[in-house]
Amino acid sequence: MSQITDTDKSLEAMKNFAEQYARRTDTYFCSDLSVTAVVIEGLARHKDELGAPLCPCRHYEDKEAEVKNTFWNCPCVPMRERKECHCMLFITPDNEFAGEEQAISLDYIQEVRESMKGH
């Protein structure tokens with residue numbers, strides 16, 4: 001029987017947040033759900049390491065300072081103000097990369113995470 005880790009809890013929390021936020025904002029996950037899985041995993045990792053879901057798709061000189069600034073904590077200011085998600089986690093229906101999903105399974109996210117190890 002596998003042990004549930006803090007990382008798994010954060011992963012599930014970020015998955016649930018993403019699903020709820022997509023429904024609330026009428027946005028969709030990428031048509032390639034592996035993109036969604038990687039972004040959610042990155043948000044969960046930042047939540048564990050930094051205490052906040054800092055956007056995983058940007059480079060930061062000082063991640064701790066960025067967390068305190070809150071601009072790039074998910075949902076970031078561009079997403080909240082203009083529905084512009086740099087990570088392609090939340091995509092408006094008119095975008096060519098928008099899929100039809102507002103849900104993703106935890107098992108799928110974990111499969112993608114495992115397949116990325118060693119790459």
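Is R82 buried, exposed or partly exposed? Hold that thought for a moment, everyone, and thanks for coming. One reminder before we go on: what you have in front of you is a predicted model.

So, to R82. This arginine is partly exposed, with a relative accessible area of 46%. R82 also has a salt-bridge partner, E81, and the N-to-O distance between their side chains is 3.4 Å. E81 itself counts as exposed, because its relative accessibility is 58% and the cut-off is over 50%. And there is a third member to add: salt bridges with shared partners link E81, R82 and E84 into one network.

Let's step back to the whole set. The model has five salt bridges, and I'd like to show you two that sit within helices.

Start with helix α1, residues 6-25. Here K15 and E19 form a salt bridge, with their closest N and O atoms 2.9 Å apart. Why is this pair about one helical turn apart? Because K15 and E19 are four residues apart in α1. Please look at the surroundings too, as both K15 and E19 are buried.

Now move along to helix α2, which covers residues 33-50. R45 and E41 make a salt bridge here, at 3.3 Å from N to O. Again the two residues are four apart in the helix, so about one helical turn separates them. How do the two ends of this bridge compare in exposure? R45 is partly exposed at 34% relative accessible area, while E41 counts as buried, because its 17% falls under the 20% cut-off.

While we're on α2, here is a quick check of its geometry. With 18 residues at 1.5 Å a residue, α2 should span 26 Å, and its end C-alpha atoms lie 25 Å apart, so the two values agree. Just past the end of this helix, G51 adopts a positive phi of about 85 degrees.

Which residues of α2 are buried? They are T36, A37, V39, I40, E41, G42, L43, A44, H46 and L50. Keep an eye on I40, please, as that residue comes back in a moment.

That brings me to the last topic, the nonpolar core. In soluble globular proteins, nonpolar side chains tend to be buried together. In this model the largest nonpolar core has 29 residues. Those with the most contacts inside it are F17, A18, F29, I40, L89 and F90. As for the helices, α1, α2 and α5, the last being residues 106-116, each supply at least two residues of this core.

That's my tour, and I'm happy to rotate the model for anyone who'd like another look.

Key
Residues numbered from 1 in each chain as written. Predicted model: local features only at pLDDT ≥ 70, side-chain atom pairs only at ≥ 80, totals over all residues. Heavy atoms only, no water. Salt bridge = Lys/Arg side-chain N within 4 Å of Asp/Glu carboxyl O. Buried < 20%, exposed > 50% of the residue type's maximum accessible area, 1.4 Å probe, protein only. Core = buried A, V, L, I, M, F, W, Y, C linked by side-chain atoms within 4.5 Å. Expected span 1.5 Å × (residues − 1).
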